[in-house]
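Thanks for passing this one along. Here are a few notes to read beside the model.

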Amino acid sequence: MVIRILLVEDDETIRNTVKAFLIEAGYEVDACSDGNVAHEKFYEQTYQLVILDILLPGMDGYQLLREFRQLNNTPILMMTALSGDENEIKAFDEKADDYVTKPFRIQVLLKRVEALLRRSCSLEKVIYIGKLTLFPESFKAVYAEEELRLTVKEFEILMLLAQNKGQTLSHEIILSRIWGYDFNGDESTIHTHIKNLRRKLPEKMIKTVRGIGYYLEEPV
């Protein structure tokens with residue numbers, strides 16, 4: 001499974017150094033220096049981790065953190081020169097997952113990245129949710145040892161819901177993540193694919209939040 005990381009850092013030297021080490025470690029990295037650009041990228045692409053500076057041109061790190069948390073539960077690592085307990089506490093209050101202060105050792109940063117990805121199951125080649133098993137690398141879904149015959153888009157939607165299990169994803173988020181930010185279709189496209197997914201899943205795992213979107217619930 002490809003692990004894609006969004007790195008938002010306005011210091012060019014730090015940004016290029018961290019990006020190089022992340023790529024060497026096997027991750028795909030989108031890097032930018034501006035908060036507004038980062039906000040657009042988060043809508044355009046699916047990321048398994050965000051590394052986020054606080055002092056940025058455009059939207060600052062705290063604003064981005066709040067925006068990102070409204071969209072999904074992607075792990076977010078704050079990487080900043082702001083020291084002091086009050087800044088760290090504020091970041092965790094805004095639901096950051098980890099916090100490192102510059103300067104830092106790159107090896108420590110990489111271990112923190114690995115730990116966050118492992119905790120969110122992004123490093124797993126197989127994802128288990130009850131009787132449902134997803135194989136991201138082969139786009140294969142199995143329920144109670146029986147393979148489900150899903151289209152690529154159906155699998156991608158199911159995978160997106162699984163990665164954000166229990167959290168409601170809006171129609172806009174699903175459209176932008178699966179079909180792209182500039183997709184010209186409407187919500188009926190999602191409704192059709194969700195209807196087909198529900199028909200193929202033996203249990204009613206996909207729940208509707210009327211007027212908002214969908215979430216995946218593990219059967220009890």
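**Notes on the fold**

1. Let me start with a pairing of strands: β7 (residues 132–135) and β8 (residues 140–143) run antiparallel and are joined by four bridges. Please keep in mind that this is a predicted model.

2. Within that pair, Leu 134 has Ala 141 of β8 as its bridge partner. The hairpin of β7 and β8 has four residues between the strands, and Phe 139 takes a positive phi there, near 55 degrees.

3. β8 also pairs with β9 (residues 146–148), again antiparallel, through three bridges. Here Ala 141 is partnered with Leu 148 of β9. Ala 141 thus has bridge partners in Leu 134 and in Leu 148.

4. The turn of the second hairpin is worth a look too: two residues lie between β8 and β9, and Ala 144 in this turn has a positive phi of about 50 degrees.

5. Stepping back, the chain has eight helices and 12 strands. Its radius of gyration is 18 Å, close to the 17 Å that the globule rule gives for 220 residues, so the chain is as compact as a globular protein of that length. The C-alpha trace spans about 50 × 35 × 30 Å along its principal axes.

6. On packing, 46% of the 220 residues are buried. Of the contacts between residues at least 6 apart in sequence, 57% join residues at least 24 apart.

7. Lastly, the surface and charges. The chain exposes about 11400 Å², with carbon and sulfur atoms supplying 47% of that area. There are 28 positive and 35 negative charges, and their mean positions are 7 Å apart.

Key. Residues numbered from 1 in each chain as written. Predicted model: local features only at pLDDT ≥ 70, side-chain atom pairs only at ≥ 80, totals over all residues. Heavy atoms only, no water. Rg over C-alpha atoms; globule rule 2.2 N^0.38 Å. Buried < 20%, exposed > 50% of the residue type's maximum accessible area, 1.4 Å probe, protein only. Contact = heavy atoms within 4.5 Å. Areas by Shrake-Rupley, 256 points an atom, 1.4 Å probe, with all protein chains shown as cover. Lys, Arg positive; Asp, Glu negative; His and termini not counted. Charge placed at Lys NZ, Arg CZ, Asp CG, Glu CD. Pairing = 2+ DSSP bridges.
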